[in-house]
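Please open the model in your viewer and keep the sequence panel beside it. The tour below moves from one selection to the next and says what is to be found at each.

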Amino acid sequence: MTFSEWLDRWGHRHPVKAPAPDPSAFTSQVMRRLADAPAAEPWRLPRLAWVTALAAAAVIVVLRLPTSPGRLAAAIARDADVLAALGEPVEDDLSDEALAAFLLAEAPADNDETWLAETMQLLEQLDESLPEGDSADDEEWLRELDMLEQSGPSAAS
Amino acid sequence: MSLALTMGLAIPRGVVILPRIMEDTDRQVVVAICAGDTGRYAELVHRYQQPALRMAYGLLGHAQDAEEAAQDAFVSAYQALRSFRAGAKFSTWLFRIVINKCRDVQRRRMRAPLLLAAQPDGDEASLFDSLEDPALGPADQAAQRDLAQALSAAINALPPQQREAVVLHHLHGLPIGEAADAMDCRPGTVKSHLFRAHVALRARLHTWLRPEDVS
C-alpha cells in the first residue's frame, strides 16, 4: 500500500470531527444572521446577455440603414481626387444636378409611391420625356419603369 | 446508484446523507431562493453544515474557529448566491468559500498569535472521529489513538496549502479536480502540494508507520 492509499484509507475509517453537536442550532444561528442581512434579489437577466442583445440589435440596425448620400458623395469626390492624382482626371465633371440625380438613383426608396415620385424626378433631371395620355399608356409606362429599374440606374442615363 | 450520486453531489467521507425521494436538487433550491423563497436556504445549510464544519475543523484544528468560519461561509454564500454559476456544483462552490473563511482565520492568527488560539488542546488534540475499533485489542486501540494524535499534529504543522490539499483530497475524499476547484487552483498544483505534504507527513510519522503497511 502506498502512503497516499494509506491516507485515503485512514480518512475513510476516521472522518474529521464535526465541532457543532446540534445541527438544528447551527442552522438556526445561520438563518438568524441572515435575517439581518439584505435579502437576495430576484434573478435578473445576466449582464452579458443584455450586452449581447444590445450589440446584436445595433448590428441589425446598422446593416438595415440605407447608404448615406453624404458618404456616397464623399466617396465619389475621393475617387475623383485619386484619379486626378494619377493624372487621369474625371473628364465628365459632375454638376450639382447630375450628382443629385445620381444620388437619387442610388438611394433606396422607402415605399412604392416614393419610388415612383423619385423616378419621375430622376427622369426629369435626365431630360427624359414624361408620359402623357390615358391609363393604358400609364400602365405601359409603368412596365417600362419596372424594366428600367431592373436593368439598373446606369440604363436610365 | 444512490440518490446523492444521481444528484451530482459531492459527499465527503464520514457524512451520511439519508435519501429523501422528494428532496429538491441544490440547483432547484438555489433557483427558489433567488426567486424570493429565501427561507429555503435553511435546506442548504442543513444539507451541507456537516461537510462544511468538518472541512473547517480539518483546516483549522480548532472547534470554535471552525464553527465561526463555517457560519461565516454560509452567510457569505447566501449573500453571493446570485453569482453562483448554474453549471457549477453548489457543494464545490460552498467549499471554496469555507476555505477562504479558514484562510481569513489563519491570517488573523498570524497577525495576532497571542490573542487567538492557534493550536488545539484537550479533546481537540486529534482531528479525527470514530477511533474506537472493537476488533482491536486495548494495546492496538491505544496505538491507534497515538497515531491519530501524531497524524493530527503532522497535518497541523503543514503549510496552509499543503494542509488544504490533504484535508480535501485524503480526508474528505474529493477528487483532485474538485479539490482544485475548491482551492481555486490547477489540478497539477494540488498534486504538487500533495507530493510535498506526503514527504513531510512520512518524515514525521516514520516511527508510526510499519513497513509492511506502507511502502
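How are helix 6 of chain B and helix 9 of chain B oriented to each other? Bear in mind from the outset that the model you are looking at is a predicted one. Select residues 138-156 of chain B, which form helix 6, together with helix 9 at residues 187-205, and look at how the two pack, with an angle of about 140 degrees between them and their axes 10 Å apart. Because angles over 145 degrees count as roughly antiparallel and 65 to 115 as roughly perpendicular, with the rest taken as oblique, helix 6 of chain B and helix 9 of chain B are oblique to each other. Their crossing is right-handed. To see where they touch, display B:Ala150, B:Leu151 and B:Ala154 on helix 6, and B:Leu201, B:Arg204 and B:Leu205 on helix 9. This contact divides into five nonpolar residues and one charged residue, with no polar ones.

Next, step back and colour chain B by secondary structure, which comes to nine helices and zero strands. Of the 215 residues in this chain, 36% count as buried. Among the contacts in chain B with a separation of 6 or more, 61% join residues that are 24 or more positions apart.

Now select helix 4 (63-79) of chain B and helix 5, residues 90-111 of chain B. Their axes come within 8 Å and cross at roughly 130 degrees, and this pair is therefore oblique as well. Helix 4 of chain B passes helix 5 of chain B in a right-handed crossing. On the helix 4 side, the residues to show include B:Asp65, B:Ala69, B:Ala73 and B:Ala77, while on the helix 5 side they include B:Leu94, B:Ile97, B:Lys101 and B:Val105. By class, the contact of these two helices has nine nonpolar, one polar and three charged residues.

Finally, bring chain A into view and turn to the contact between the chains, which takes 41 residues from chain B and 30 residues from chain A. On the side of chain B that touches chain A, the elements that give two or more residues are helices 2, 3, 4, 7 and 9, so helix 4 and helix 9, already visited above, appear here again. Select helix 3 (41-60) of chain B, which gives the most to this side, with 10 residues. Taken together, the residues on the chain B side divide into 20 nonpolar, 14 polar and seven charged.

Technical notes:
Residues numbered from 1 in each chain as written. Chains lettered and ligands numbered in written order. Predicted model: local features only at pLDDT ≥ 70, side-chain atom pairs only at ≥ 80, totals over all residues. Contact = placed C-beta atoms within 7 Å. Helix = DSSP H or I, 4+ residues; strand = E, 2+ residues; numbered from the N terminus. Nonpolar A, V, L, I, M, F, W, Y, C, P; charged D, E, K, R; others polar. Axes fitted to C-alpha atoms, helices over the stretch in contact; angles between N-to-C directions. Parallel < 35°, antiparallel > 145°, perpendicular 65-115°, else oblique. Left-handed = near helix turned anticlockwise from the far one by under 90°. Buried ≥ 20, exposed ≤ 12 C-beta atoms within 10 Å, placed from the backbone.
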